Amino acid sequence: MRIIRISEILHDEGVTGLYSRLRFPKAASGGWAPSPITPEVSVTGGRPDLQDRLRRVLRRAGRQVIRDRRGHELTRFHIDPALGPFESYGSNDILVLSRKAGPHLDQIVQHGKSAQAVVEMCPERYQKLAAAGMGRDRLFLAAGGLDGFALGIYRFLLAARAVEPDAVDWHSMVPDFPVGHDRMPRLCLSLGEVKFRRQFFLQQGPRGFVLCDGLRQDPGWIGAAMGYRAMAQACLARGIGQAIFCEDDVEIAPDFEIRLEKVMAYLKSRDWDVFSGLSTHVRQGYHAEQVESFRGETFLHLNRTTGMVFNIVNRRALERLAAWRYDEHGRQGITIDAHLESMPGLRAVTTMPFLVDHCDALSSTAWGFSNRRYRGMITNSQQRLAQMAAARLGDATAAI
């Protein structure tokens with residue numbers, strides 16, 4: 001780590017932040033190098049309804065489904081294939097498993113390691129396969145009936161780069177949600193494959209949230225950006241100008257709904273783009289432009305905000321999120337929250353203390369390290385906001 005970078009981290013996050021970065025490093029990327037999905041593909045086996053859905057998703061991804069030909073180089077999708085000792089599969093074979101009473105786990109793992117990927121429709125067996133040594137980089141979940149199957153196949157095609165990152169169809173990714181004039185959608189981005197994170201979120205009893213399956217990419221932050229972009233596109237296309245976006249590792253307190261109602265009442269009469277429930281990285285260049293008390297809450301108006309753990313996004317911010325592009329931003333290492341942070345004229349609002357927290361016991365699916373790495377950063381952010389608020393209030397008192 002370069003001396004200049006260490007100095008920046010110490011300034012922004014303190015000694016605790018530097019220690020956390022060293023103790024919880026980012027996971028290495030680049031584990032799975034999928035074979036290209038050929039322009040022509042074949043589909044064999046399985047129920048007619050599964051075959052039909054699979055063919056439709058493949059055509060939507062620009063693939064022509066043809067009859068298999070011996071010696072012809074093409075990607076083959078096998079629905080519920082035979083996995084005995086006399087069968088062999090290679091890097092052009094995708095195994096799709098739908099039957100709950102199917103082959104033994106060892107057989108699936110053995111054949112799955114040589115095949116390009118395994119798409120599993122049974123969540124329970126997915127978890128068993130992952131525990132049995134089937135690498136998660138080539139194991140995909142497609143659960144939830146025919147619609148869930150179609151979504152899972154589409155997510156696999158995205159991970160395999162059969163669909164260009166900037167050509168993602170939000171219709172295929174974001175489920176229906178309430179669109180009434182008095183209903184602001186609450187959308188939670190969550191990877192169905194990471195069961196313990198989703199369970200953590202649901203066990204907190206959040207009200208009215210719709211789970212949106214995240215996209216698996218390498219590195220993970222690319223998939224997160226594409227997921228939030230799809231959510232923003234869905235809102236704008238449905239005529240929605242405000243929405244709550246959160247991650248499934250958000251930690252909410254028992255008084256969350258009470259405080260959220262105060263936040264919404266406050267925002268109604270103010271100009272804002274983003275309300276940040278947890279601004280994870282308040283650092284140099286951040287300014288508190290206004291501090292107000294309202295119904296027992298302290299609100300800070302900031303010129304910037306960072307973090308996607310929990311945000312309420314207004315129309316301008318939705319448009320900003322919807323405009324993230326892999327070719328323009330992702331290739332340059334610009335994350336979705338950095339893209340939002342750099343929005344010209346951004347009007348951010350937060351509370352002190354923050355409305356939500358971040359669960360330290362979980363791990364980041366975007367970066368591959370423990371969430372504990374964020375704790376020093378969050379603590380420093382809270383301290384900086386307190387200092388900004390004190391300075392702003394002190395200036396106001398001096399002016400009087």
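**Reading backbone, charge pairs and a cavity**

Biologist: Aspartate 80 sits in the loop between strand 3 and strand 4. What is the sign of its phi?

Modeller: First, this is a predicted model. Now the general idea: most residues other than glycine have a negative phi, and most peptide bonds are trans. Aspartate 80 has a positive phi, about 50°, and is not a glycine.

Biologist: Is aspartate 80 buried or exposed?

Modeller: Aspartate 80 counts as buried because its relative accessibility is 16%, and the cut-off for buried is under 20%.

Biologist: Which residue has a phi near 50° in the loop between strand 12 (288–294) and strand 13 (297–302)?

Modeller: Arginine 295. Its phi is positive, near 50°, and it is a residue other than glycine. The loop between strand 12 and strand 13 holds it. At 43% relative accessibility, arginine 295 is partly exposed.

Biologist: Where are the cis peptide bonds that end in proline 219 and proline 353?

Modeller: One runs from aspartate 218 to proline 219, with omega near 5°. Proline 219 belongs to the loop between strand 8 and helix 7. Another joins methionine 352 and proline 353, and its omega is about 5°. Proline 353 is in the loop between strand 15 (348–351) and strand 16 (357–358).

Biologist: On to charges. How many salt bridges does a search of the whole structure find?

Modeller: The general idea is simple. Side chains of opposite charge can pair when their charged atoms come close. Here the search finds 24 salt bridges.

Biologist: Which residue forms a salt bridge with aspartate 80?

Modeller: Arginine 99 does, with the closest N and O atoms 4.0 Å apart. The pair links distant parts of the chain, 19 residues apart: arginine 99 is in the loop between strand 4 (93–97) and helix 3 (105–114), and aspartate 80 in the loop between strand 3 (75–79) and strand 4.

Biologist: What does the pair of arginine 53 and aspartate 147 tie together?

Modeller: Their side chains meet in a salt bridge, 3.0 Å from N to O. Arginine 53 is in helix 2 (residues 48–60) and aspartate 147 in helix 5 (residues 145–159), so the pair ties together parts 94 residues apart in sequence. Arginine 53 counts as buried at 18% relative accessibility, whereas aspartate 147 is exposed, at 55%.

Biologist: And where does arginine 229 lie, the residue that pairs with aspartate 166?

Modeller: The two side chains meet in a salt bridge of 2.9 Å, N to O. Arginine 229 is in helix 7, and aspartate 166 is in the loop between helix 5 and strand 7 (186–190), 63 residues apart. Arginine 229 is buried at 2% relative accessibility. Aspartate 166 is partly exposed, at 29%. Elsewhere, Arg155, Glu193 and Arg216 are linked in a network of salt bridges.

Biologist: Is helix 7 mostly covered or uncovered?

Modeller: Mostly covered: 15 of its 18 residues are buried. At 1.5 Å a residue, the 18 residues (220–237) should span 26 Å, and the end C-alpha atoms are 26 Å apart, which agrees. Glycine 239 follows helix 7, with a positive phi near 75°.

Biologist: What lines the largest cavity?

Modeller: Rolling a probe the size of a water molecule over the atoms shows where empty space is left. A whole-structure search finds one cavity of 30 Å³ or more. The largest cavity holds about 40 Å³ of space. Its lining includes Met173, Leu189, Gly227, Ala230 and Met231. Helix 7 gives the most, with three residues. By class, the lining has seven nonpolar, one polar and one charged residues.

Notes. Residues are numbered from 1 along each chain as its sequence is written. This is a predicted model: local features need pLDDT of at least 70, side-chain atom pairs count only at pLDDT 80 or more; totals for chains, interfaces and linings use all residues. Side-chain values use heavy atoms; hydrogens and water are left out. Helices (H or I, at least four residues) and strands (E, at least two) are DSSP runs, numbered from the N terminus. The expected span of a helix is 1.5 Å times one less than its number of residues. Buried means under 20% relative accessible area, exposed over 50%, partly exposed in between (1.4 Å probe, protein chains only). On a 1 Å grid over the protein atoms alone, a cavity is a set of points where a 1.4 Å probe fits but cannot get out, and a pocket is an open set with protein on both sides within 12 Å along at least five of seven lines; lining residues have an atom within 4 Å of a point. Grid points are joined across faces, edges and corners, and a volume is the space filled by probe spheres set on the points. Ala, Val, Leu, Ile, Met, Phe, Trp, Tyr, Cys and Pro count as nonpolar, Asp, Glu, Lys and Arg as charged, and the others, Gly among them, as polar.
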